[in-house]
Amino acid sequence: MRYEDAPVKNAGGGDLPALGIDIGGTKVAGGVVAPDGTILDTARRATPSRSVEATEDAIAAVVEELAERHGGPLVGVGVGAAGWFDRTGDTVLFSPHLAWRNQALRKELGDRLQRPMWVGNDADAAAWAEYRYGAARGSDLALVITLGTGIGGGIVLDGRLQRGAHGVAGEWGHMRVVPDGRLCACGNRGCWEQYASGTALGQTGREVALSSPAAAADLLDRVGGNPDLITGEVVATAAQAGDPLANELLCDVGAWLGQGIADLAAVLDPEVVVIGGGVSVLGEMVLTPARERLERALPGRGFRPGPRVLAAQLGAQAGLVGAANLVRRAVCEGEA
Ligand SMILES: [Zn+2]
């Protein structure tokens, strides 16, 4: 029986591990994930981003390596990738770092791997993992915001991932927060991720180094005096080492984060907002100013409860853990 013909509801396999795959701009990371979210084994390959075939070859190689080492039966393969997927998850509409354009990814990978598949947005998968196993566990309405080079995220409402009418919900990194502000890769100006992200931290660092080189002496020392080399990572490292200017820049990013959370709270009234992604490793250096701004900017402040703002718990593995659990749900519970 081919997997397409298999009954999906109550299909069993609930106690078997699943494979989770997280496709980033530079690497395909995979893991064998137990039903309780424990990662039993991992493998990775470089992501060859220019060709559709080469990217899918890398995914297949990771799946085959993990399946062979695992030896036993697996529930299926969940794949999370940066990109916009349609609502069903069958088709990737657009992926910023990869060659996928209107690609029928779920069918192509399913035919090739001959395994049940879940395919979707990587931030959605990470959000699901935080809901299922991490900081958003048990929440009725959770927003998970991934703060990395940009801002992504996912929404879990009443125990279901909310993908939106067209599959692209949670792209709040492109809310306009500054009219005619910084140019964004999406083609618009003033998007939230231009002010609250690792990229924003680097850009502000470069701007300050050009306008006030004396104040930015520590930052400039770290890059051999060339302001063009100041990245978000450079500013973050300087802040962790106690540089007051870098710390101030980090507080700015945190404040922008809090402002955006207040705007989202006005629309969705979430119970918790979980902050994950690369920038979130800075923890309270970002979260404290975010909570302070949220408290000041929340509509109706003082007369209504606001969301709790928490650090993500699953770290860089959230995407693959979430993807593995989502294919488990698809197979065992018939959840899309
Ligand atoms: Zn944008």
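This tour visits a zinc site and then a small set of paired strands in a predicted model.

**Stop 1: the zinc ion.** Select the zinc ion together with His174, Cys184, Cys186 and Cys191, which coordinate it. His174 contributes ND1, while each of Cys184, Cys186 and Cys191 contributes SG, at 2.0 to 2.3 Å. Display the angles among the four donor atoms: they run from 106 to 119 degrees, and the site is tetrahedral. For four tetrahedral donors, the ideal angle is 109.5 degrees.

**Stop 2: the chain around the zinc ion.** Next, trace the backbone through the donors, whose spacing is H-x9-C-x1-C-x4-C. His174 and Cys186 are twelve residues apart, and each lies in the loop between strand 11 (160–161) and helix 4 (198–211).

**Stop 3: accessibility of two donors.** Keep His174 and Cys186 selected and turn on the surface. His174 has 27% relative accessibility and therefore counts as partly exposed. Cys186, with a relative accessible area of 37%, is also partly exposed, because that category covers values between the 20% and 50% limits.

**Stop 4: the sheet of strands 5, 6 and 7.** Move to strand 5 (84–85), strand 7 (101–103) and strand 6 (residues 92–94). These three strands make an open sheet with antiparallel pairing, in the order 5-6-7. Strands 5 and 7 are the edges, each pairing on one side only.

**Stop 5: strand 6 against strand 7.** Zoom in on strands 6 and 7, which run antiparallel and are joined by two bridges. Which residue of strand 7 is the bridge partner of Phe94? Select Arg101 to see that partner.

Conventions. Residues numbered from 1 in each chain as written. Predicted model: local features only at pLDDT ≥ 70, side-chain atom pairs only at ≥ 80, totals over all residues. Heavy atoms only, no water. Donors = N, O, S within 2.8 Å, 3.2 Å for Na, K, Ca; no water. Tetrahedral: all angles 85-135°; square planar, octahedral: opposite > 155°, others 65-115°. Helix = DSSP H or I, 4+ residues; strand = E, 2+ residues; numbered from the N terminus. Buried < 20%, exposed > 50% of the residue type's maximum accessible area, 1.4 Å probe, protein only. Pairing = 2+ DSSP bridges.
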